[in-house]
Amino acid sequence: SIFRLIFILKNIKPDIIFSTLNHMNQAVVIAQYFAHQIRRKIILRENTSTLNTFYNKSIMRSILAYSQKLTYKNKNVNYIICQSSSMANHLVVNHNIDNKHIKIIHNPIDHARITLEAKKDKIYPCSTNKIKLISVGRLEYVKGFDLLINIIHKLNDTKYHLLIIGDGFQKENLKLQVDRLKLNNSVSFLGFQDNPFSYMSQSDLMLVGSRYDSFPNTVLESL
């Protein structure tokens with residue numbers, strides 16, 4: 001809670017406050033004021049696409065977009081870290097954020113580890129004569145796995161198989177969707193995997209169904 005955050009800031013008196021979650025960014029700006037930490041350096045990291053809140057016209061999204069704008073324009077915020085140039089450009093153009101306060105730092109990829117893990121043998125859960133599609137990520141609405149399942153249904157071709165790796169709140173709903181569309185032979189769920197890279201390397205095509213995403217790491221990891 002904000003009250004707990006105020007208490008922590010008052011006690012530890014940090015030199016730098018660094019926040020990496022959108023809702024926490026707003027909480028930090030509020031808390032640092034009431035904790036009388038306004039002279040501390042504040043660095044905020046935007047971890048998702050700001051376009052979603054800006055262009056979504058629902059009342060709640062409009063409120064969130066306005067709140068987000070006030071947060072980033074706060075005079076006590078020293079820097080905003082963006083994951084891509086398009087995200088940075090959106091903050092400048094639509095939120096009127098001074099470009100000098102924005103730094104672009106791309107998400108890091110451990111290429112050596114991914115290459116090593118990709119070479120490890122994993123049994124792929126479908127026939128070798130099928131076109132193997134794969135998608136990896138949190139099973140949440142924003143990631144759009146339901147959209148991918150609908151695409152498999154519309155293809156109406158048994159030569160395609162979609163492997164979904166990941167876990168999340170939408171898992172049971174997605175499985176029910178597969179049952180309803182009679183796609184049990186065309187869609188498989190593997191749950192969370194410590195090493196998804198082996199499955200990626202054996203697949204023919206990587207799919208990303210995200211409704212919005214600032215910087216899809218899985219795309220880079222699959223290259």
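A residue counts as buried here when its relative accessible area is under 20%, and that cut-off is worth keeping in mind while touring this predicted model.

**First stop: helix H2**

Select residues 22–34, which form helix H2, and colour the buried positions, which are Asn25, Gln26, Ala27, Val28, Val29, Ala31 and Gln32. Then step just past the end of H2 to histidine 36, whose phi is positive, at about 60 degrees.

**Second stop: H1 against H2**

Keep H2 on screen and add helix H1, residues 2–12; the axes of the two helices come within 9 Å and cross at roughly 55 degrees. That angle makes H1 oblique to H2, and the crossing in which H1 passes H2 is right-handed. To see which side chains make the contact, show Ile2, Leu5, Ile6, Leu9 and Lys10 on H1, together with Met24, Ala27, Val28, Ile30, Ala31, Gln32 and Phe34 on H2. Sorted by character, the residues of this contact comprise ten nonpolar, one polar and one charged. Ala27, Val28, Ala31 and Gln32 of H2, which take part in the contact, are also among the buried residues of that helix.

**Third stop: the four-stranded sheet**

Now move to the open sheet of four strands, whose order is E7-E6-E5-E8 and whose pairing is parallel. At its edges you will find strand E7 (187–191) and strand E8 (205–206), each of which pairs on one side only. Between these edges, select strand E5 (residues 131–136) and strand E6 (residues 160–165), which pair in the parallel sense over six bridges. One place to look at this pairing is isoleucine 131, whose bridge partner in E6 is tyrosine 160.

**Fourth stop: helix H7 over the sheet**

With the strands still displayed, add residues 145–155, which make up helix H7; this helix lies across E5, E6 and E7 and runs at about 170 degrees to E6.

**Last stop: lysine 159**

Follow the chain from H7 into the loop that leads to E6, where lysine 159 is found. Is lysine 159 buried or partly exposed? Its relative accessible area is 39%, so lysine 159 is classed as partly exposed. Leaving aside residues up to four places away in sequence, lysine 159 touches Lys130 and Ile131, and Ile131 is the residue already visited as the bridge partner of tyrosine 160. To finish, select asparagine 89 as well and draw a C-alpha to C-alpha distance to lysine 159: the two lie 70 residues apart in sequence and 42 Å apart in space.

Methods. Residues numbered from 1 in each chain as written. Predicted model: local features only at pLDDT ≥ 70, side-chain atom pairs only at ≥ 80, totals over all residues. Heavy atoms only, no water. Axes fitted to C-alpha atoms, helices over the stretch in contact; angles between N-to-C directions. Parallel < 35°, antiparallel > 145°, perpendicular 65-115°, else oblique. Left-handed = near helix turned anticlockwise from the far one by under 90°. Contact = heavy atoms within 4.5 Å. Nonpolar A, V, L, I, M, F, W, Y, C, P; charged D, E, K, R; others polar. Buried < 20%, exposed > 50% of the residue type's maximum accessible area, 1.4 Å probe, protein only. Pairing = 2+ DSSP bridges.
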